[in-house]
Structure formats: structure tokens, C-alpha cells
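This report goes through a single protein chain. Please have the sequence and the structure at hand while reading.

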Amino acid sequence: HAGHAYNIGSGIGRTNIDVLGVIAPLSLQAGLKIETNFLAERRFDVPANILNSQKLQSISGWCAQTPFEEGIQKVWTHFLNQRKS
């Protein structure tokens, strides 16, 4: 369906800290340090990001098959390979 937007996700919510917790060990192995600065919560901040892929699944049958941590590892490896090029 051209012109439509679709979410791609597992339906499982993760906080930014959850995501950083998976990325941080990978970055340390690559000699990169992630620095975080925690600020006061703002009224428009969301507690977690949850992508609902139901629309995509209903028209295509697609569903998430790669565990989150494995997907982050694959993206991180791709990032490092691009960085070396």
C-alpha cells in the first residue's frame, strides 16, 4: 500500500535506558564510551516506546522474529563495519 506508514517493532516497550543498557557493552568493546546526562522529566516525555506492528502484520503477515538484543548486535556490527570503510 503505497503512501502508508507502518511501524516495525515487537510490541514490547523499552525505555531509552533499556536500549542504552544493550548498546553500552558493545560500545565499550569497540573502545567507545557512551556518556549519559540525566535531566528532569519533561511533561511530554514518554515512559517507554512501544511500536504496534498490527497494521503491517494484517496486510503482509510480517511479525518480529529477531530478538531485540540480537537485532541491536546486528545493527551495531553493521555500524562498525561502515565506520571502518
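## Gly 11

Not counting residues up to four places away in sequence, Gly 11 touches Ile 50 and Leu 51. The model is a predicted one. Gly 11 lies in the segment before α1. With a relative accessible area of 43%, Gly 11 is partly exposed, because that class takes in values between the 20% limit for buried and the 50% limit for exposed.

A long-range distance can be given from the same residue. Gly 11 and Gln 82 are 71 residues apart along the chain, and their C-alpha atoms are separated by 29 Å.

## Overall form

The secondary structure consists of three helices and zero strands. Read along the sequence, the pattern is α-α-α. The C-alpha trace spans about 45 × 40 × 25 Å along its principal axes. The radius of gyration is 16 Å, whereas a compact globule of 85 residues would have one near 12 Å.

Of the 85 residues, 12% are buried. The accessible surface comes to about 7100 Å², and carbon and sulfur atoms account for 55% of this surface. Among contacts with a separation of 6 or more, 84% are between residues 24 or more positions apart.

## Nonpolar core

Which residues form the largest nonpolar core? It has five residues, namely Val 22, Ile 23, Leu 26, Ile 72 and Trp 76. The elements that contribute two or more residues to this core are α1 (16–29) and α3 (68–84). The most comes from α1, which gives three residues.

One member of the core can be followed through its contacts. With neighbours within four places in sequence left aside, Ile 23 is in contact with Ile 34, Ile 72 and Trp 76. Ile 72 and Trp 76 are also listed as members of the core.

## Ser 53

Ser 53 is found in the loop between α1 and α2 (54–60). Is this residue buried or exposed? Ser 53 has a relative accessible area of 9%, and it counts as buried because the limit for that class is under 20%.

The side chain of Ser 53 reaches the backbone oxygen of Asn 7 at 3.2 Å. Residues up to four places away in sequence aside, Ser 53 touches Asn 7, Ile 8, Gly 9 and Trp 62. Asn 7 thus appears both as a polar partner and in the list of contacts.

## Salt bridges

Side chains of opposite charge can pair when their charged atoms come close. How many salt bridges does a search of the whole structure find? The search finds two.

In one salt bridge, the side chains of Asp 45 and Arg 42 meet at 2.8 Å, N to O. Asp 45 is partly exposed, at 27% relative accessible area. Arg 42 is also partly exposed, with a value of 45%.

In another salt bridge, the side chains of Lys 74 and Glu 70 meet at 3.3 Å, N to O. Lys 74 and Glu 70 are separated by about one helical turn because they are four residues apart in helix α3. Lys 74 counts as exposed, at 52% relative accessibility, whereas Glu 70 is partly exposed, with a relative accessible area of 38%. Helix α3 therefore holds both residues of this salt bridge, and α3 is also one of the elements that give two or more residues to the largest nonpolar core.

Conventions: Residues numbered from 1 in each chain as written. Predicted model: local features only at pLDDT ≥ 70, side-chain atom pairs only at ≥ 80, totals over all residues. Heavy atoms only, no water. Core = buried A, V, L, I, M, F, W, Y, C linked by side-chain atoms within 4.5 Å. Buried < 20%, exposed > 50% of the residue type's maximum accessible area, 1.4 Å probe, protein only. Contact = heavy atoms within 4.5 Å. Polar contact = N/O pair within 3.5 Å; in protein donor to acceptor, adjacent residues only side chain to side chain. Salt bridge = Lys/Arg side-chain N within 4 Å of Asp/Glu carboxyl O. Rg over C-alpha atoms; globule rule 2.2 N^0.38 Å. Areas by Shrake-Rupley, 256 points an atom, 1.4 Å probe, with all protein chains shown as cover.
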